[in-house]
Amino acid sequence: MFNLLTRSRDALVADFAGLTRDRKYGEGHVEAGRFIVIDTGGITGEEQGIDAAMAEQSALAIAEANIVFFVVDAKAGLTSADELIAKLVRTQGKKTHLIINKIDGMNPDVAAADFYRLGFEHVHFTVASHNRGVRSLAEDVIREAIEEDQSDSESEDAGIKIGIVGRPNVGKSTLVNRLLGEERVVVYDHPGTTRDSIYIPYERMGKRFTLIDTAGIRRRKNVKEAVEKFSIIKTLQAIDDAHVVVLVLDARENIVEQDLHLLGFALDAGKSIVIAVNKWDGMNPESRSEVKAELTRRLHFVPFVNQHLISALHGTGVGNLYKSIEEAYDCSMAKWSTNMLTRILEDAVLEHQPPMVRGHRIKLRYAHQGGSNPPIVVVHGNQTTALPDSYKRYLENTFRKVLKVKGSPIRFEFKTGE
Ligand code: GDP
């Protein structure tokens, strides 16, 4: 079911420093939008009950989720483990869908009879191994959730929303405190936690910002939460909700898969990005040049993203982050005229012709803007579907250079016909 929902075998986030070994995260798409799937896989359904650690993993996954898919096995029938899980789910008060799986060759009414005893209102039937019922279920459930979410998250003027994200211990809390501790910052009273992250609105030099603090939970005194203060869902939600993502890296550690996963997720979500390489204080010149080389090597695919070498602890370089944040935000919101985009396209084509396809040259005629945040450039022409990726990259680089787009992704759409 996880694979069907995410259409991938790879988990989005495989293992964050051992914190999430027993939970797998993947990204899914339906027509209505994007969603994240957490696979707990930990509960075996053995009659003798649930192993405590596995139950805890599931409880944590449920706590992070907006919606719970509680999957039961029609062939096995109702087990005592199911009843335990049902209780666990109910204590968390999340919207739950009971999914009766493996109903192939069975009469659904008969298959369901037992399970109705669990008392769940939303019941669905699937055969995950044959991809029956899963996609349509996701379409319906996710559409409803997204519609509800949009109707209650109308935030008025929050200014530039800055998501502070990164692996555990890279210095996010320290950076948040430092950003807010600046002299020229006026922090408004904020009503607390509308979602899981803490949203902190403030004003700096007459401009409004809202910090999305994913590390905030550490201030609570609960031991269990301290261990789990780092939440992937919170991080991904913060990215989705931000205008500009500040990805915090630790200069004293190598760049790892998870850093790149977060970066990739932010780019896919169309978010502007600024990279803050933290803990730059007290490093000797040799390690500094090693870190710089590593940054160049691992981040070569995002040359348009500004990197700042900072010390959140001492405040060095922190103020300069704002310049890049504001620049990235402005770029993501930029508006360009059709005239200007078409001129850039014409120049690019003159400089470097698109290739021939079956004896005809691909023609690119004009370009207009299809949206902002992130900016979309729509290119019109003939046979554009045959345009090779290398040429698309060439166009992106050219537009990026001429339009001076820093920090923000640019999306391209290619249309064929008049
Ligand atoms: P978080 O888990 O990402 O929120 O990280 P924290 O802000 O809690 O920081 C983790 C540890 O790194 C703490 O011991 C901080 O004092 C330390 N730390 C954070 N920023 C810096 C920095 O710029 N330089 C140094 N040397 N240590 C830092």
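Begin by selecting Arg 204 and then Lys 207, which is the bridge partner of Arg 204 in strand S9. Strands, like helices, are DSSP runs numbered from the N terminus (E, at least two residues, for strands; H or I, at least four residues, for helices).

This is a predicted model, in which local features need pLDDT of at least 70 and side-chain atom pairs count only at pLDDT 80 or more, while totals for chains, interfaces and linings use all residues. Residues are numbered from 1 along each chain as its sequence is written.

Widen the selection to strand S8 (residues 198-204) and strand S9 (residues 207-213), which run antiparallel and are joined by seven bridges; two strands pair if DSSP finds at least two bridges between them. Next, show the whole open sheet, whose seven strands follow the order S7-S8-S9-S6-S10-S11-S12 with mixed pairing. Strand S7 (185-187) and strand S12 (306-309) stand at the edges with a single partner strand each, so one side of each has no neighbour in the sheet.

Now add helix H11 (residues 318-332), which packs on the sheet and touches S6, S8, S10, S11 and S12, a contact being two C-beta atoms, placed from the backbone, within 7 Å.

Turn then to the ligand and select Gly 171, Lys 172, Ser 173, Thr 174 and Leu 313, which come nearest among the 15 residues around the ligand, where a residue counts as near if its C-beta atom, placed from the backbone, lies within 6 Å. Helix H6 (residues 172-181) gives the largest share of this shell, three residues.

Finish at Lys 404, which follows H13 and has a positive phi, near 55 degrees.

Technical notes
Axes fitted to C-alpha atoms, helices over the stretch in contact; angles between N-to-C directions.
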